[in-house]
Amino acid sequence: MHFEQDFEQLTTERPTVSSQDPEQVLHEVFGYEAFRPLQGDIIREVVSGNDALVLMPTGGGKSLCYQVPALVRPGTAIVISPLIALMQDQVAALRELGVKAAFLNSTMDFEQARATEYALMTGELDLLYCAPERLIQPRTIELLHNASISLFAIDEAHCVSQWGHDFRSDYLQLSMLAGEFPGIPRIALTATADERTRKEIAERLTLTEARHFVSGFDRPNIQYRIAPKTNANKQLLDFIKSEHEGECGIVYCLSRNKVDATAKMLADKGYTALPYHAGLPADDRARHQERFLREDGVIIVATIAFGMGIDKPDVRFVAHLDLPKSLEAYYQETGRAGRDGKPSTAWMVYGLQDVIKLRQMLEASQGNDHFKRVERQKLDAMLGLCEVTRCRRQVLLRYFGDVLDEPCGNCDTCLNPPETWDGTVAVQKALSCVFRTGQRFGVTYLIDVLRGSENERILQSGHHEVSTFGIGTELSANEWKSVFRQLVANGYLRADPEGYGALQLTEQCRPLLKGEHQVELRKDPEVKKTASRSSGTRGGSAVRDQITDDHGWEVLRACRKELAEKKGVPPYVIFHDTTLFDMLERKPRSLEELAEVSGVGAAKLEKYGAIFLEAIAGLDRK
Ligand code: ADP
Ligand code: ZN
């Protein structure tokens, strides 16, 4: 990725921001109507010189919280961001808006770095993005002391947390900013932080005086769906074909092999699907990420190595073929869908084997008892979400400390409420079968015993003579699988860490064995019945369904694509989908009318206004 940092062009190109008022900056530069909840408060806080700690979900609009103050306050805002690719895209997007932005990171050669430093010293920059390892160098600190700094923004602030999965030791040293630059406001931002992590961020970054701004975690435009795994590949294909054909998405798998196989499977079916995992050469990874960002309709199949800092607004679905380890991971990964606020799907299939595998990995992992206990609780919460029979969003938000009063109407359990059944007797049979066969066998074998299959293995071990042989013919093999899955998910059975999936009883199952508790089990939906998007739900219908003018949509997209290619930036840096929708709806006929469209600020109006007006006029003539 290459963005030229051509300051001569920058300074002449930029329309001057005529006002010092945040609202006006929002309208003129960004082309947006109004601040979102909290944005206004946060911006006022920082503009008046105070520190702030901001917790907002992905897509909530964190960037504006420091970009607007950066334009309102005199001096250059320093933005600390851990991901170089993301930094480059953000700078490119800001420049498109006519904002004087640049970055300092390890991809630049000496000359480029010098030019940027010079621009900083002479006060020509509104924002300077900087990698943390670069910022903490004494040389950079000295440079900053000689420049006029408006604020520090610390993005992805949870990277200071040693408990988190994104820990970066460079981030710890950022606490020195408080001592080195007293009086310059600092704003830390993150999308992933529970109470504990938030405290940790405040302490480690010495943000003791900072006001905390915590926005709700709900992502109403994301539809959450979790289905039992029957034939994962087929389920995935059906899902994409019926709901997201031609749209871009992310498919997550646990292992590299599975990533490769799944990408190939999708490619064989005609999709543009690209693998991404740590085992691929760096070049391939970069190229695949690049194509995902720049082309339309690319599906990336990835391990969790992919994702942090993926700022693409129009990811329409995130599919999990394997269970994430925790709700934090699930929420972060699914959160990459629908940053633009349009309807999107978080889709997952999971089965007994996933539960067994994760439980085994956990038990076999390094780490002390405390660590394992925490991890176990996290996995339990994840499994709880999978097996829940009420609104999934309520459960999910509850976990993050949010309360949603009403069921959401936009998750599979709301759309197709699952039935439950009295599983007391079935559970007793299943547990007793595990016990009678010596806690040495896996689920397939156990089901064969229950259903009275006289296969060779059973005959050899004499299990056709145990009392549980053939007592479970009332349920199909699949129904028994569902029973076992729920028993493992709920901790009544565990997989022997060394025993190839052999199931064992836990202490917890005692009352169940005795039949002292009634057990309600979830009835897995019929295989064919997938939750459909019904209109009138909170999320509304799929994005493509909203477009009534397919031809017009294609024309505007082609126009955008051509500009993006010419400039060497991703299409959404020119205009977001939401902006194109709005154009198509309003069909503006003049620059004034076009300026009303959400996402069209002064700079883009000047650069692209005429081109898009012409394209729109062409539609009417047709
Ligand atoms: P985050 O960093 O919190 O994940 P972003 O800052 O990338 O989110 O914002 C998400 C999307 O919302 C972007 O496309 C951004 O342009 C848009 N956005 C942010 N604030 C507003 C607003 N006040 N009005 C309209 N769109 C907004
Ligand atoms: Zn719901």
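Here are three short exercises, with solutions, on a predicted model.

**Exercise 1.** Work out the strand order of the open six-stranded sheet and find its edge strands.

*Solution.* Start with the order: going across the sheet, you get β8-β13-β12-β9-β11-β10, and the pairing is parallel. Next, look for strands that pair on one side only: these are β8 (222-228) and β10 (273-276), so by the pairing rule, two bridges at least, they are the edges. Then check the twist: neighbouring strands are turned by 15° against each other on average, ignoring direction. Finally, zoom in on one edge: β8 pairs with β13 (residues 344-350) in the parallel sense over seven bridges. One residue to look for is I226, whose bridge partner in β13 is M348.

**Exercise 2.** Find which strands helix α14 and helix α17 lie against.

*Solution.* Take α14 (residues 282-294) to begin with: it lies across β9 (249-252), β10 and β11 (299-302), and runs at about 135° to β10. Now try α17 (residues 369-387): this helix packs on the sheet by touching β8 and β13, and makes about 105° with the direction of β13.

**Exercise 3.** Decide what geometry the site of the zinc ion (ligand 2) has.

*Solution.* List the donors: they're the SG atoms of C391, C408, C411 and C414, at 2.3 to 2.4 Å. Along the sequence, these residues follow the spacing C-x16-C-x2-C-x2-C. Now the angles: they span 103 to 119° among the four donor atoms. Four donors count as tetrahedral if all angles lie between 85 and 135 degrees, so this site is tetrahedral. For comparison, the ideal tetrahedral angle is 109.5 degrees. Last, check burial, which means under 20% relative accessible area: C408 has 5%, so it's buried, and C411 has 0%, so C411 is buried too.

How values were computed. Residues numbered from 1 in each chain as written. Chains lettered and ligands numbered in written order. Predicted model: local features only at pLDDT ≥ 70, side-chain atom pairs only at ≥ 80, totals over all residues. Heavy atoms only, no water. Helix = DSSP H or I, 4+ residues; strand = E, 2+ residues; numbered from the N terminus. Axes fitted to C-alpha atoms, helices over the stretch in contact; angles between N-to-C directions. Contact = heavy atoms within 4.5 Å. Donors = N, O, S within 2.8 Å, 3.2 Å for Na, K, Ca; no water. Tetrahedral: all angles 85-135°; square planar, octahedral: opposite > 155°, others 65-115°. Buried < 20%, exposed > 50% of the residue type's maximum accessible area, 1.4 Å probe, protein only.
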